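User: Please take a close look at one part of this structure, the strand pairing towards the start of the chain, and set it in the context of the whole fold.

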Amino acid sequence: MKSNFFSLTTVELGIPELRSNVYIFEYANKVNLIDTWYWDLSWLITSIKNNYPTLDNIFITHGHFDHIDGLMKLLEVFPKVTCHINKEEARFLDDSSLSLSRHFRLFENYRKNFSTFRWGDIVDWVKTISTPWHTIWGTCYLVEEYNVCFTWDTLFSDNHGRTDLPTGDYDSMRSSIGKLLTLDPQTLIYPWHWPYGIKLTEVRDSDSEMLKHIFEV
Ligand SMILES: [Zn+2]
């Protein structure tokens, strides 16, 4: 029997070709956001305030600017929120050449709100899974009880994430994908772009040429 209440809000943004998904979920009495948006955050702040009592956690998948740029604003609006990031990936917050941003030394400014974890740690009932390839310390987040895995920029429904950006590592992809495939086959993936809520088995069995070669043994 499922013990903790879970609800997920998804917001789709941008033009269809480049559509991005932002995920807010309530689980085990905590309100959580996966990554942040960039640019204008007013819609996101309104959505959180209208639908949830507060914001407890921000789980950062990786440190590219489009995933962290909204942190400054969100930490201002929700001063008690804790931001969770892999201990090594946290250096992206200090380094604009890694984050691909031209400004901010975010980690220094907001250090009090940050909490770092090591892969495998469980944070407020959410499991951290190491999936290096899009960035070398990138993390997927798993709500195991509900078979929900936030795969962000690593695995999409018919493609995998880029490996040509700083610290990206194509060779790590196969073992990381292998790790995801050990999850319950009914697990639904929630990527940063395009369709979401797709079963892992459907992704594995898809006709995508981009994915076929990494799923081949
Ligand atoms: Zn990225």
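Analyst: The chain of this predicted model contains eight helices and 12 strands. Its C-alpha trace extends over about 45 × 45 × 35 Å along the principal axes. The radius of gyration is 16 Å, in agreement with the value near 17 Å for a compact globule of 217 residues. Of the 217 residues, 36% are buried. Among contacts between residues at least 6 apart in sequence, 63% join residues at least 24 apart.

The part in question begins with strand 1 (residues 6–13), which pairs with strand 2 (residues 20–27) in the antiparallel sense through eight bridges. Within this pair, Glu-12 is placed opposite Asn-21 of strand 2. The two strands form a hairpin with six residues between them, and Gly-14 in this hairpin adopts a positive phi near 90 degrees.

Strand 2 also pairs with strand 3 (residues 30–34), again in the antiparallel sense, and here five bridges are formed. Tyr-23 lies opposite Ile-34 of strand 3. This second hairpin leaves two residues between strand 2 and strand 3, and Ala-28 in the turn has a positive phi of about 50 degrees. Strand 2 is thus paired with strand 1 and with strand 3. As a general matter, strands of a sheet pair through backbone hydrogen bonds, whether parallel or antiparallel. In a regular strand, side chains alternate between the two faces of the sheet.

Further along the chain, an open sheet of six strands shows mixed pairing, with the order 7-8-9-10-11-12. Its edge strands are strand 7 (122–123) and strand 12 (198–199), each of which pairs on one side only. Strand 7 runs antiparallel to strand 8 (residues 126–130), and two bridges join them. In this pair, Val-123 stands opposite Val-126 of strand 8.

A loop elsewhere in the chain completes the picture. Lys-80 belongs to the loop that links helix 3 (71–77) and strand 5 (82–86). Lys-80 counts as exposed because 9 other C-beta atoms lie within 10 Å, and the limit for an exposed residue is 12 or fewer. The C-alpha atom of Lys-80 is separated by 19 Å from that of Ala-90, which is 10 residues away along the chain.

Terms used:
Residues are numbered from 1 along each chain as its sequence is written. This is a predicted model: local features need pLDDT of at least 70, side-chain atom pairs count only at pLDDT 80 or more; totals for chains, interfaces and linings use all residues. Helices (H or I, at least four residues) and strands (E, at least two) are DSSP runs, numbered from the N terminus. A residue is buried if 20 or more other C-beta atoms lie within 10 Å of its own, exposed if 12 or fewer, and partly exposed in between; C-beta atoms are placed from the backbone. Two strands pair if DSSP finds at least two bridges between them. The radius of gyration is taken over C-alpha atoms; the globule rule is 2.2 Å times the number of residues to the power 0.38. Two residues are in contact if their C-beta atoms, placed from the backbone, lie within 7 Å.
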